[in-house]
Amino acid sequence: MVRTLAITDRFEGLGSVLQFMGSNPCPCSDGIFSCPRSEPIFRFAINSYCRVGKLNDAVIAFESMRKSIDGKPSVAIYNILIHGFVKSTELQKAMNLYDRMVKDRVKPDVFTFNILISGYCRNTQFESALHLFKEMRVNGCCPNVVSFNTLIKGFFTERKFEEGIKMAYEMIELGCECSSITCEILVDGLCREGRVSEAFSLLIDFSRKGVLPSGFDYFSLLEWLCDKANEDKAVELMDELWKRGNTPSLISCTTLVERLRKLGRIEEASDLMKKMLKEGIIADSVTFNCLLQDLCNNGKTLEADKLRFLASTKGLNPDGMTYNILVSGYSRAGKKEEGKRLIDEMLDNGYIPDLATYNRLIDGLSSKRSKQIY
């Protein structure tokens, strides 16, 4: 009944049921010990009250539960109520409950400390958050990645970047693995302050130490590097991380291909596209066709055609634009046979609607060839 009332937000009825439970022992208790199901029932109710911000009702339920159960409330119930206070920006009440918890000899766990540290950071009381972090370790509670991430973000909010980076390394030394969120906090925080080179060096170092999360998408740093005209570092970053098993996302690869194209570094863009295809990272047809056009414009139609063939084996089939770019490239290069082979392939794949179009393409090959001869 309590669960149904809580889920359907019928809190008036829920309060009546809890009051009855607090005043009347459960029939399944033996007269000496309370019912073992009482605490889970109250915990569900307290969590529901906190979920909708009814903290006074949550406190009443908590006090009623204390009278109904044997021993002390579990740390999980204290955490639910502390989190409710923090979420409602009633940090002092959260700390009062924490003090009461310690007084009752209920040992706080890592979740208790993380909730309170996060609350202090959100309320710009960073020094208090640091003090609590130290208390956490003195009490033998080992911080986890959430603890470190919260404080690193707090340091960055306070513009104490060196301290934030130092804490990241302390986290690694303690054997706590970095998460993608850790890296996002560090990279985004440094880049927004114009410290893009520092973010680059940090990720390279993390990669070489083997602590960079395999799922971390470093697209934002690539974008920052390209925006700052540091394309060489962008290429180095991708090469270094890819070499060590951190495969880039499609958008990261596409961004770098486009940037290299715009700088006229077509060979590098082509090499990156080949690597992408071999790794099963399939670019969109627009990016792919633009790169083929650049290769053809630079007299490398044969290389473009080989790239087209590689792409087709990986599931990126040529479209009409792909064929037209390559046929035009072969025409300009005076390679009639290669061009005719592609036109025949276009016909087989349905990209030439009628014989007149076919003849026009063949005539185009011949006329361009004639112009080159003369």
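Biologist: How many aromatic pairs does this protein have?

Modeller: In this predicted model, the count comes to 7 aromatic pairs. A pair needs ring centres within 6.5 Å of each other. One of them joins F62 and Y78, with 5.2 Å from centre to centre and 70° between the planes.

Biologist: What makes the pair of F62 and Y78 edge-to-face?

Modeller: Two values are needed, since a pair of aromatic rings is described by the distance of the centres and the angle of the planes. Planes over 60 degrees apart count as edge-to-face, and F62 and Y78 have 70° between theirs. The two residues are 16 apart along the chain: F62 belongs to helix α4 (residues 55-68) and Y78 to helix α5 (residues 75-87). Both F62 and Y78 are buried.

Biologist: Why is the pair of F126 and F155 called edge-to-face?

Modeller: Let's run the same check. The centres of these two rings are 4.8 Å apart and the planes stand at 75°, so F126 and F155 form an edge-to-face pair. F126 sits in helix α8 (residues 126-138) and F155 in helix α9 (residues 145-157), so the pair ties together parts 29 residues apart in sequence.

Biologist: How do you know that F126 and F155 are buried?

Modeller: Buried means under 20% relative accessible area. F126 has 5%, so it is buried. F155, at 8%, counts as buried too. Across the protein, buried residues make up 45% of the 374 residues.

Biologist: What lies over the face of W242?

Modeller: That is K275, at 4.4 Å from the ring centre. The cut-off for the distance is 6 Å, so K275 at 4.4 Å meets it.

Biologist: Arginine is next on my list. Why does R308 count as buried?

Modeller: Its relative accessibility is 6%, and the limit for buried is under 20%, so R308 counts as buried. R308 is part of helix α18 (residues 301-313). Beyond four places in sequence, R308 touches F288, P318, T322, Y323, L326, R341, L342 and E345.

Biologist: What joins the side chains of R308 and D305?

Modeller: A polar contact of 2.7 Å joins them. The distance limit for such a contact is 3.5 Å, so the pair falls within it.

Biologist: N289 is a polar residue to check as well. Why is N289 called buried?

Modeller: With a relative accessible area of 7%, N289 is under the 20% limit, so it is buried. N289 is found in helix α17 (residues 285-297). Its contacts, leaving out residues within four places in sequence, are D319, M321, T322 and I325.

Biologist: Which residues of the largest nonpolar core touch the most other members?

Modeller: Those are I46 and L237, in a core of 111 residues. In soluble globular proteins, nonpolar side chains tend to be buried together. Outside its neighbours within four places, L237 is in contact with F200, L203, I204, Y218, L221, L222 and L225.

Biologist: Does V235 count as buried or exposed, and why?

Modeller: V235 has 17% relative accessibility, which is under 20%, so V235 counts as buried. V235 lies in helix α14 (residues 231-243). Setting aside residues within four places in sequence, V235 is in contact with L256, L260 and E268.

Biologist: And why is W224 called partly exposed?

Modeller: W224 has 26% relative accessibility. Partly exposed runs between the 20% and 50% limits, so W224 falls into that class. W224 is in helix α13. Apart from neighbours within four places in sequence, W224 is in contact with C191, R192 and V196. The C-alpha atoms of W224 and V196 are 6.9 Å apart, while the two residues are 28 apart in sequence.

Biologist: How do you know that R159 is exposed?

Modeller: Exposed means over 50%, and R159 has 52%, so R159 counts as exposed. R159 lies in the loop between α9 and α10 (161-173).

Biologist: What is the phi of R159?

Modeller: Phi of R159 is near 65°, a positive value in a residue other than glycine. Most residues other than glycine have a negative phi. A229 also has a positive phi, about 60°, and is not a glycine. A229 is found in the loop between α13 (219-227) and α14.

Biologist: To finish, how many helices and strands are there in the protein?

Modeller: The secondary structure comes to 21 helices and 0 strands.

Conventions. Residues numbered from 1 in each chain as written. Predicted model: local features only at pLDDT ≥ 70, side-chain atom pairs only at ≥ 80, totals over all residues. Heavy atoms only, no water. Helix = DSSP H or I, 4+ residues; strand = E, 2+ residues; numbered from the N terminus. Buried < 20%, exposed > 50% of the residue type's maximum accessible area, 1.4 Å probe, protein only. Phe/Tyr/Trp six-rings, centres within 6.5 Å; stacked < 30°, edge-to-face > 60°. Lys NZ or Arg CZ within 6 Å of the ring centre and 35° of its normal. Polar contact = N/O pair within 3.5 Å; in protein donor to acceptor, adjacent residues only side chain to side chain. Contact = heavy atoms within 4.5 Å. Core = buried A, V, L, I, M, F, W, Y, C linked by side-chain atoms within 4.5 Å.
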